[in-house]
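Reader: I'd like to learn how to read pockets and ring contacts in a model like this one. Can you walk me through it?

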Amino acid sequence: MESGNYNDLQQHADILIVNALVVTISPTNPNMYEDGAIAIRGDEIVAIGTSDDIRPAYRADRLIDGRGKLVMPGLINVHTHSPMTIYRGYADDLPLIEWLYDYIFPVEAQFTNPKNVKTGTSLAIAEMLLSGTTTFNDTYYFVHDMAGVVAESGMRAILAESLIDFPAPNSPTPDHGLAHTKNLIAAWKDHPLVNIGVAAHTPFTASGDLIVKAKEVAVEHNAIYNIHVAETRWEVEESLKKHGVTPVKYLQDLGVLDKSTIASHCVHLNNEDIDIFAERNVAIGHNPQCNMKLANGVAPIQKFLDRGIRIGIGTDGVASNNDLDMFDEMRSSALSQKLSTGDPSALNARSVIEMATIMGAKAIGLGDVVGSLEPGKKADLIVLDLSRPHANPLHNVYSLIAYSLRGSDVETVIVNGRVVVYNRELLTMDIGNIYADVRQIAGEIRQFAASQVAVKKP
């Protein structure tokens with residue numbers, strides 16, 4: 001706590017960060033302050049500049065010394081399935097269709113319930129906050145229970161029920177899922193941290209009728225619309241056989257592609273598909289580590305950027321990743337593009353950081369709220385420790401962030417003006433209780449897996 005005598009000209013701030021290397025990722029303000037300061041009042045950033053300018057102008061209830069630290073916007077995870085943390089490591093080293101239908105769908109049918117969803121979401125939020133993610137866009141089941149965890153933790157999220165043709169854990173029919181989505185939108189309307197989106201699972205697990213009805217709900221309520229698209233070659237081949245067109249062209253013909261649509265994965269897009277996305281202003285959720293782990297391929301991100309398409313980075317669920325560290329995803333995004341294109345200049349450090357911050361925020365419709373450090377925006381930011389060997393020396397700050405820093409370097413996290421992590425300690429969640437609950441569920445899952453193996457034996 002700060003104390004001392006103040007003059008009458010000083011303004012009040014709840015939190016004042018000083019003496020820090022501040023990287024704003026702002027398109028309008030200076031990109032960086034080497035000896036920077038940020039003043040926070042309520043849930044907003046009220047001032048940003050040099051310590052010499054900001055500190056004398058504000059008296060603060062809480063002063064954070066940023067000496068030897070880097071301050072930047074909180075990271076935006078644009079595509080994940082957070083409750084799936086309870087399935088981390090359950091089914092690895094498998095192709096996507098086998099992984100999904102033979103392992104994930106059966107175990108979800110058995111264990112996806114309100115209690116387990118709360119536990120899985122809690123573990124995911126703890127992991128994300130401790131590694132610098134302050135906002136995530138999620139599609140799963142029992143979203144009302146997820147939203148309660150988000151609100152209590154102080155995290156920011158967009159959450160959507162995953163709409164699918166066959167019975168889901170909490171929706172026996174697609175129409176039930178649509179009605180439930182409408183109820184969620186009403187229940188969480190105007191919450192400061194929780195927004196409700198709409199999600200059709202994929203073009204091969206949701207009928208055209210369901211995809212269109214889901215989009216109608218999204219349009220009616222001005223909500224983000226999520227769908228997995230062209231994640232595998234198999235999906236593209238099946239779409240060509242069934243519909244005579246690619247998944248992207250199929251979705252265009254259904255009329256669901258526009259600026260509020262987030263198409264995740266998008267590994268196998270041809271030039272016509274990319275043109276459609278650019279013309280319709282569709283956003284893309286890029287999941288590099290999941291795409292690599294399931295051997296689905298490398299999405300042509302540099303081509304998307306060259307066409308002006310908004311792209312954010314996501315982790316996907318940890319059952320196919322297996323972690324939620326967005327610093328890892330940034331590095332994987334950049335390196336995979338360089339390798340796949342044969343061009344070491346592809347997806348440079350500044351661009352990949354923007355994908356994880358301001359461009360990701362724009363992709364999920366929150367570009368005016370978060371994603372960069374600017375007065376008037378919500379105070380969502382992270383403080384990283386630069387005292388470790390891998391963070392030294394500093395020649396280029398963007399290269400440092402993209403290629404050297406790690407989620408474990410995050411020391412302090414502020415979301416909506418509230419300190420939720422300080423000195424690497426979660427302040428809003430009991431991590432010990434979360435671990436205990438997760439261990440119990442994991443034991444039950446292992447017993448289930450053993451029983452499934454026994455049934456399959458001749």
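Author: Sure. Keep in mind that this is a predicted model. Let's begin with who lines the largest pocket: strand 9 gives the most to that lining, with 3 residues. Helix 6 (208-220) and helix 14 (358-363) also supply at least two residues each, as does strand 9 (194-196).

Reader: How many residues line the largest pocket, and which lie nearest its centre?

Author: The lining has 24 residues, and N195, H221, N222, A223 and I224 lie nearest the centre. The space in this pocket comes to about 610 Å³.

Reader: What about the chemistry of the lining, nonpolar, polar or charged?

Author: For the largest pocket, the lining divides into 12 nonpolar, 6 polar and 6 charged residues.

Reader: And how much space lies in the second largest pocket?

Author: About 230 Å³. Its lining has 14 residues, with K118, S122, V149, E152 and M429 closest to the centre. Helix 4 (143-153) is one of the elements that supply at least two residues here, along with helix 3 (114-130) and helix 16 (431-456). Of these linings' contributors, helix 4 gives the most to the second largest pocket, with 5 residues. By type, this lining splits into 3 nonpolar, 6 polar and 5 charged.

Reader: On to rings. How many aromatic pairs does a search of the whole structure find?

Author: It finds 6. To read a pair, look at the distance between ring centres and the angle between planes; planes over 60 degrees apart count as edge-to-face. Take Y101 and F105: their centres are 5.2 Å apart and their planes meet at 85 degrees, so this pair is edge-to-face.

Reader: Where do Y101 and F105 sit along the chain?

Author: Both are in helix 2 (residues 96-111), and because they are 4 residues apart, about one helical turn separates them.

Reader: Are those two rings buried or partly exposed?

Author: Under 20% relative accessible area means buried. F105, at 15%, therefore counts as buried, while Y101, at 33%, is partly exposed. F105 also pairs with F166: the centres are 5.3 Å apart and the planes at 75 degrees, so that pair is edge-to-face too. This second pair links distant parts of the chain, since F105 is in helix 2 and F166 is in the loop between strand 8 (156-163) and helix 5 (174-187), 61 residues apart. F166 is partly exposed, at 32%. Put together, Y101, F105 and F166 form one aromatic cluster.

Reader: Which charged end sits over the ring of Y422?

Author: That of R62, 4.7 Å from the ring centre.

Conventions:
Residues numbered from 1 in each chain as written. Predicted model: local features only at pLDDT ≥ 70, side-chain atom pairs only at ≥ 80, totals over all residues. Heavy atoms only, no water. 1 Å grid on protein atoms, 1.4 Å probe; cavity = no way out; pocket = protein on both sides within 12 Å on 5 of 7 lines; lining within 4 Å. Points joined across faces, edges and corners; volume = space filled by probe spheres on them. Nonpolar A, V, L, I, M, F, W, Y, C, P; charged D, E, K, R; others polar. Phe/Tyr/Trp six-rings, centres within 6.5 Å; stacked < 30°, edge-to-face > 60°. Buried < 20%, exposed > 50% of the residue type's maximum accessible area, 1.4 Å probe, protein only. Lys NZ or Arg CZ within 6 Å of the ring centre and 35° of its normal.
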